[in-house]
Amino acid sequence: MPELPEVHTTATMLNKILKSLRITSVWTSYNSPSHKGKDNIKNPEFFKSFSKKITGAEFKKGYRRGKNVLLELDNGYTVIIHMKMTGHLLYGKYKKVKSKNLKERSKEKWETVEEGPLKDSKNQFIRFVMSLSDGRHLVLSDMRKFAKVTIEKTTELETSKHIGSIGPEPLETTFNLKLFTDRLILRPRGKVKQVLMNPEIIAGIGNIYSDEALFLAGIHPESRVNKIPSEKMSELFKAVKKVLTKGIDFGGDSTSDYRNPLGVHGNFHHHHQAYRNTGKPCIKKGCSGTIRKVKIGGRSGHFCDKHQILYS
DNA sequence: ACTAGCCCCTGGGAGC
DNA sequence: TGCTCCCAGGGGCTAG
């Protein structure tokens, strides 16, 4: 699933690709009027005004905040895209076709006409399309329809409810051990894995990278934040930076079919040490433990039963 | 402050 | 081959 490294890869590439391109039209197959929250293109009324705001505008820059891709336009608005579980943004040449499947709510769908790396013609999950002034398209593929697309005035972005409450960025140079500890201790009795994954505490860390960081630091995911000794907190701090950086270096993690905007998979999922390795022997040097799975706050956590210590 | 549980959603895998 | 059932989960939400 897209976490910080995947969103970072996508946003960085889009910044280069989209710069000075114009949006000529917009399309979506999302249609859930009853969906909670009106500020989402799944709501047809919202999509209408959204479409009006962005059609004709030009991209100024693309960047990331937390797990959100932010696309700043030249007309004072910024498009906010959260890809959630199965979303990815793809750039290429697509065409609209009539769906043969009459059961589908929308009788239109999009498929690629591009050859090369982006052989995406079987992609039946394109839910949102921005047609661009170069004749190409930026499309959102979103199998489970969890993604969220919305818009804010650029000047109000930092105080908006979508972006305003997001915690500090763990890969910023200003993110040091003291800040890390100060943030975690805001939830003193929380389970460390849950606290790490809370976007209001620290931005961008999800299930995969929290498992991997805790594995590296040798801390059990159910440890209470205020029981973790300071030298272990220091190890965790370094581990968080390390796994996120490694994720970016590998082009992201494609466990959930993540692809970058040119359709290329990442490789981090070939290097998991804990995540989804249930039952396998621990690969830490000299450790004879086994990877176990536990439910924490409705999410599955994976850890070595030997070298990851429970502080509680 | 924290927890449990539900919801959004659909493909993939297991079991029969 | 095809059915049923369970699982994956970010984050927003409510209720306790």
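**Exercise 1. Find how far apart the C-alpha centres of domain 1 and domain 2 lie, then work out where each domain runs and what joins them.**

Solution. Start with the distance: the C-alpha centres of the two domains are 29 Å apart. Keep in mind that this is a predicted model. Next, place the domains on chain A: domain 1 covers 4–159, and domain 2 covers 177–304. Now look at where they touch. On one side, 21 residues of domain 1 take part, and they meet 22 residues of domain 2.

**Exercise 2. Which elements give two or more residues to the side of domain 1 that touches domain 2?**

Solution. Go along domain 1 and you'll pick out α1 (4–18) and β5 (87–92). Then see who gives the largest share: that's α1, with nine residues. Last, sort this side of domain 1 by class, and you get eleven nonpolar, six polar and four charged residues.

**Exercise 3. How many residues surround DNA strand B, and which are the closest?**

Solution. Counting residues whose C-beta atom lies within 6 Å of the strand, you find 13 around DNA strand B. The closest are Ser32, Arg144, Lys145, Arg187 and Arg189. Split by class, the surface near this strand has three nonpolar, five polar and five charged residues.

**Exercise 4. Now try DNA strand C: how many residues surround it, and what classes do they fall into?**

Solution. Here the count is 16. Lys67, Arg144, Gly206, Asn207 and Ser300 are the closest to DNA strand C. The classes come out as five nonpolar, six polar and five charged. To finish, compare the lists: Arg144 is among the closest residues for strand B and also for strand C.

Technical notes. Residues numbered from 1 in each chain as written. Chains lettered and ligands numbered in written order. Predicted model: local features only at pLDDT ≥ 70, side-chain atom pairs only at ≥ 80, totals over all residues. Nonpolar A, V, L, I, M, F, W, Y, C, P; charged D, E, K, R; others polar. Domains from an automatic or database assignment. Contact = placed C-beta atoms within 7 Å. Helix = DSSP H or I, 4+ residues; strand = E, 2+ residues; numbered from the N terminus.
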